[in-house]
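Biologist: Hey, got a minute to walk me through this one? I'd like to go over the sheet, the cavities and a few single residues.

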Amino acid sequence: MPADRFSAGTVADWGDSASSLVKAHLSGPAEVASVFDVPGALASAVHDKVLRKLATEPVEDLRIDFEDGYGVRGDAVEDAHATQAAEAVAALHASGALPRRWGVRVKSFADGDPARSVGTLRVFLAGVVGSVGEVPPGFVVTFPKVLMEAYLGQFVGVCGELEGEFGTRLRFEMQVEAPQTLPFLRGDLNESLGGRLAAAHFGVFDYTAAIGLPPHEQRLDHPACDHARHVMQTAFAGTGVELSDGSLAASPASDRTADVHALWRRHADLVRHSLRHGYYQGWDMHPSHLVSRFATVYAFHLARYDAYRERVLAWQERRDAGGGVMDEPATIRTLAAALRRADQALP
């Protein structure tokens, strides 16, 4: 959410907007099955879970953006927006509505003005700590356009300095948005950064532009994006560094049902593609995306939950799971991990 448009009402507004779209354009399980390619047997459960999720926790993870979605403003203007954002966070925290995970995206050091990036983070943290007394749990900083490994070391230094000022441990996410970032991704990178690297997020539009793809091919399911994400997976496997996919920069072309459904279908296809490739989180840029995100995620986990559970139980009980399947220990670990993800994701 661009910082100048973020307020204490943002989370509720997104939930209300998404719920209104469901009410207007998703009449029931039959349309869930049709629009999101959900098996008919699961459609009713998916429909119910989406409605419940939008009513209770429409936003799990939020970033207040001071980078591309915000643009370049004067120092006084950006400082004012950082202060306003901190006040909104404090209000959300006081009302119990602050998402379980939240943070800010600062400007990149590659933009040529690291002082602006650091200044915004300092003003924001000062405002939050001044209002709340501490930085509420779940906070993380998103650090974009990491074109050189040196930027990471520099940002670790910034985190250390701000920790001394505000008495809180700071972790950050790096964005992988250029081909020159891939070569320095490796398993010990987080260790070299003092354990402050929480996640790596893929940036589809900067990445596809950097490698010269035409505009109509700037899409998450392009093979070049698959390659970059697989490099990220390989580099960070087993390190505890989380991974996130990028976004679809589109909203419904109009408020006509056909246009809303077209957007939902396209977004659902991308979310499903990411899930199949082992990316369980991505960025959503419009309230409509919450509907297609949750519907697709729930259907993905529900479709195989019982079968996975049966195979794990059969392994534990040393009996045949049926269907001619012969599971290896590594597969059982994967099945168990999938069940844990499903339990975390399903409301």
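Modeller: Sure, what follows is a quick tour of a predicted model, so keep in mind that the values are computed from it.

Biologist: Let's start with the sheet. How many strands, and in what order?

Modeller: Six strands make up an open sheet, ordered 1-2-3-4-5-6, and the pairing is parallel. The edges are strand 1 (61-65) and strand 6 (242-244), each of which pairs on one side only. On average, neighbouring strands of this sheet are turned by 25° against each other, direction ignored.

Biologist: Which helix packs on the sheet, touching strand 4, strand 5 and strand 6?

Modeller: That's helix 9, residues 223-236. Its direction makes about 165° with that of strand 5.

Biologist: Back to the strand pairs. How many bridges join strand 1 and strand 2?

Modeller: Five bridges, in the parallel sense, with strand 2 covering residues 101-105. To pick out a pair, Ile 64 has Val 104 in strand 2 as its bridge partner.

Biologist: And what holds strands together in a sheet, in general?

Modeller: Backbone hydrogen bonds, and the pairing can be either parallel or antiparallel.

Biologist: OK, what about strand 5 and its partners? How many bridges with strand 4, and how many with strand 6?

Modeller: Strand 4 and strand 5 pair over five bridges, while strand 5 and strand 6 pair over three. Both pairings are parallel. Phe 172 has Leu 197 in strand 5 as its bridge partner, and Ala 199 stands opposite Glu 242 in strand 6.

Biologist: Why call strand 1 largely enclosed?

Modeller: Because four of the five residues of strand 1 are buried, the rest of the structure largely encloses it. Strand 5 is mostly covered too, with six of its six residues buried.

Biologist: Let's zoom in on Ser 244. Where does it sit, and is it buried or exposed?

Modeller: Ser 244 lies in strand 6. Its relative accessibility is 1%, so Ser 244 counts as buried, the cut-off being under 20%.

Biologist: What does Ser 244 touch, leaving aside its neighbours within four places in sequence?

Modeller: Ser 244 is in contact with Ala 200, His 201 and Phe 202, and also with Tyr 279, Gln 281, Gly 282 and Trp 283.

Biologist: Changing topic: holes. How many cavities of 30 Å³ or more are there?

Modeller: The count comes to two. The largest has a volume of about 60 Å³, and the second largest about 40 Å³.

Biologist: How does one find empty space like that?

Modeller: You roll a probe the size of a water molecule over the atoms, and that shows where empty space is left.

Biologist: What lines the largest cavity?

Modeller: Its lining includes Asp 245, Ser 247, His 267, Trp 283 and Arg 293. Gly 282 and Trp 283 are part of this lining, and Ser 244 is in contact with both of those residues. Helix 10 (residues 257-276) gives the most to the lining, with four residues.

Biologist: And the chemistry of that lining? How many are nonpolar, polar and charged?

Modeller: Five nonpolar, five polar and two charged.

Biologist: What about the second largest one? What lines it?

Modeller: Val 22, Leu 26, Val 32, Phe 36, Val 46, His 47, Val 50 and Ala 295. That lining splits into seven nonpolar, one polar and no charged. Helix 2 (29-36) and helix 3 (40-56) each supply at least two lining residues, and helix 3 gives the most, with three.

Biologist: Last topic, a couple of arginines. Where's Arg 169, and what does it touch?

Modeller: Arg 169 is in the loop between helix 6 (149-166) and strand 4. Not counting residues up to four places away in sequence, Arg 169 touches Glu 163, Gly 194, Gly 195 and Arg 196. Arg 169 is partly exposed, at 48% relative accessible area.

Biologist: And where is Arg 319?

Modeller: Arg 319 sits in the loop between helix 11 (287-316) and helix 12 (329-345). Arg 319 is partly exposed, at 35%. Not counting residues up to four places away in sequence, Arg 319 touches Glu 310, Leu 313 and Ala 314.

Biologist: What separates the C-alpha atoms of Arg 319 and Pro 39?

Modeller: They are 29 Å apart, with the two residues 280 apart along the chain.

Note on methods:
Residues are numbered from 1 along each chain as its sequence is written. This is a predicted model: local features need pLDDT of at least 70, side-chain atom pairs count only at pLDDT 80 or more; totals for chains, interfaces and linings use all residues. Side-chain values use heavy atoms; hydrogens and water are left out. On a 1 Å grid over the protein atoms alone, a cavity is a set of points where a 1.4 Å probe fits but cannot get out, and a pocket is an open set with protein on both sides within 12 Å along at least five of seven lines; lining residues have an atom within 4 Å of a point. Grid points are joined across faces, edges and corners, and a volume is the space filled by probe spheres set on the points. Ala, Val, Leu, Ile, Met, Phe, Trp, Tyr, Cys and Pro count as nonpolar, Asp, Glu, Lys and Arg as charged, and the others, Gly among them, as polar. Two strands pair if DSSP finds at least two bridges between them. Axes are lines fitted to C-alpha atoms, for helices over the stretch in contact, and angles run from 0 to 180 degrees between N-to-C directions. Contact means heavy atoms within 4.5 Å. Buried means under 20% relative accessible area, exposed over 50%, partly exposed in between (1.4 Å probe, protein chains only).
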